[in-house]
Amino acid sequence: MPSVSLAYVSSSTVRRHQKPRTAVEMQMSDRGNMDTNLSKSRRYVLVSSILSSAVVLLPATNAFAERSLSTVTESYNRYVPRMVKGFRYLADEMPGQIDGGDFNNIISEITAEKGSRISAMKGTMKIFATAFSDSVLTQSTRELQLATLKVSNELDNVVTALKAGDKEKALEAQSQAVFYAQVYSELANTLLPRTLEPIQGPSGTGKRFREVDNSINGAF
């Protein structure tokens with residue numbers, strides 16, 4: 001009997017020798033093909049999602065860092081010069097004015113809402129503290145705000161003492177205001193980028209506190 005090449009066997013011939021599939025087998029086969037297609041589709045979506053996240057999130061992180069640096073630098077250039085002028089008046093001029101009995105000028109300087117060196121100092125301290133936060137206040141911003149509040153409270157005590165004619169208490173409150181302003185400047189300096197010069201606090205840029213007590217809460 002001559003051999004028959006498989007290349008010439010028609011599909012109809014093959015189907016005649018195959019066992020017909022039942023309805024259940026056909027359904028299971030169709031479902032298997034569907035699951036395979038869904039699995040491929042899910043893998044495609046998952047991979048696409050991961051790649052999309054990588055493409056979107058990584059530049060966003062870099063953009064956040066650049067925005068933060070830009071914000072701090074802009075705030076530094078805008079607010080720190082006026083802040084430092086207030087520090088200098090508070091530490092260098094106010095004690096002499098208290099000793100000399102120039103109470104009215106000191107009270108006007110402290111209580112003015114704007115236009116004075118002290119009002120500018122308090123305002124810029126408050127605003128500059130927010131440069132170290134984005135949508136949520138950071139612990140550093142909260143600590144700087146606390147230092148600002150302490151300075152303001154001590155300056156109020158200076159006014160109260162001067163109105164009572166008590167030089168000693170006025171000088172004590174002034175000294176405490178200098179202390180908390182120095183705390184503010186030293187903490188802010190630990191947060192500044194290296195491209196910016198340290199803030200000159202009332203006592204300069206030297207560290208007034210021990211390394212182990214670098215928290216503003218510890219200073220308080």
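## Exercises on salt bridges and buried residues

The side chains of Glu 109 and Arg 117 form a salt bridge, with 3.9 Å from N to O. The model is a predicted one.

**Exercise 1.** Find which residues are linked with Glu 109 in a network of salt bridges.

*Solution.* Start from Arg 117, the partner of Glu 109. The side chain of Arg 117 also meets that of Glu 93 in a salt bridge, at 3.2 Å from N to O. This second pair links distant parts of the chain, since Arg 117 is in helix H4 and Glu 93 in helix H2, 24 residues apart. The network therefore consists of Glu 93, Glu 109 and Arg 117.

**Exercise 2.** Decide whether Glu 109, Arg 117 and Glu 93 are buried or partly exposed.

*Solution.* Buried means under 20% relative accessible area, and partly exposed runs from there to 50%. Glu 109 has 12%, so Glu 109 is buried. Arg 117 has 34% and is therefore partly exposed. Glu 93, at 40%, is partly exposed too.

**Exercise 3.** Determine how the buried residues of H3 are placed around the axis.

*Solution.* List them: Phe 103, Ile 106, Ile 107, Glu 109 and Ile 110. They cover an arc of only 160° around the axis, so they lie on the same side of H3.

**Exercise 4.** Work out how far apart Asp 92 and Arg 88 are in helical turns.

*Solution.* Their side chains meet in a salt bridge of 2.8 Å, N to O. Both residues belong to helix H2 and are 4 residues apart, so about one helical turn separates Asp 92 from Arg 88.

Key: Residues numbered from 1 in each chain as written. Predicted model: local features only at pLDDT ≥ 70, side-chain atom pairs only at ≥ 80, totals over all residues. Heavy atoms only, no water. Buried < 20%, exposed > 50% of the residue type's maximum accessible area, 1.4 Å probe, protein only. Helix = DSSP H or I, 4+ residues; strand = E, 2+ residues; numbered from the N terminus. Arc of directions from axis to C-beta. Salt bridge = Lys/Arg side-chain N within 4 Å of Asp/Glu carboxyl O.
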